[in-house]
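User: Could you take a close look at the salt bridges in this one? I'd like to know who pairs with whom, and how buried or exposed the partners are.

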Amino acid sequence: MATGKDMPKGLKPATELGPILVFFAAYYFGDLFIATGAIMITTLIALAISYYYTRSLPMMPLVTAIVVMVFGGLTLYLNDETFIKMKPTIIYAIFSVILFAGLLLGKSFVKILFDNFWNLDDNGWKKLTVRLAAFFLLMAVANEIVWRNFSTELWVNIKVFGFTAATFLFFISQVPLITRHMKQ
């Protein structure tokens, strides 16, 4: 049995993107309720794989998994798609609140998460944390606008492709900040 070793190269991205891709496929080959069950199962599998290799559960995927289980469970139990559509809003809002609260307490939770990737000065970590907290808040608002005003099919497409692309573009847009505040 593995104990605290690195995952094979392609497995980490698979555990991060796999559940959302399975959700998308299950929606298009079934419906939103089948997709909800599929994302619940694949999220648990992804967490189990992560734990198997690292012997820890990263905070963001763990919070996401809890929200997926609660809101996915409500969706299936009550046969009401509203709850799974609210899930991204709740996740993004939780992350935003946690990041802003950390700043109020004088901590950068972004630094704790990404310190092994980037070596930034304190001002850089603070700016990146503010930007990421604001980004998550904007994503929560965007999800609310989309699911409340547009079709389920459009919401699924925006959730899978739009929000994923927005997150990727957000981090790409932070490269100048990261470069400016990188410690030697």
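**Salt bridges up close**

Analyst: The count here comes to 4 salt bridges, and bear in mind that this is a predicted model. Let's walk through some of them.

Start with helix α1, which spans residues 11–29 and holds both E16 and K12. These two form a salt bridge, with their closest N and O atoms 3.0 Å apart. They sit 4 residues apart, about one turn of the helix. K12 counts as partly exposed because its relative accessibility is 41%, which falls between the 20% and 50% cut-offs.

Helix α6 (residues 122–149) has a pair with that spacing too: R148 and E144 are 4 residues apart, again about one turn of the helix. Their salt bridge brings the closest N and O atoms to 2.5 Å. What about burial? R148 has 54% relative accessibility, so it counts as exposed. E144 is at 19%, so it counts as buried, the cut-off for that being under 20%. So this bridge links an exposed arginine, R148, to a buried glutamate, E144.

Then there's K85, whose side chain meets that of E81 in a salt bridge at 2.7 Å, N to O. Here the lysine is the buried partner: K85 has a relative accessible area of 6%. E81 comes out at 27%, so it is partly exposed.

As for the general idea behind such contacts, side chains of opposite charge can pair when their charged atoms come close.

Methods
Residues numbered from 1 in each chain as written. Predicted model: local features only at pLDDT ≥ 70, side-chain atom pairs only at ≥ 80, totals over all residues. Heavy atoms only, no water. Helix = DSSP H or I, 4+ residues; strand = E, 2+ residues; numbered from the N terminus. Buried < 20%, exposed > 50% of the residue type's maximum accessible area, 1.4 Å probe, protein only.
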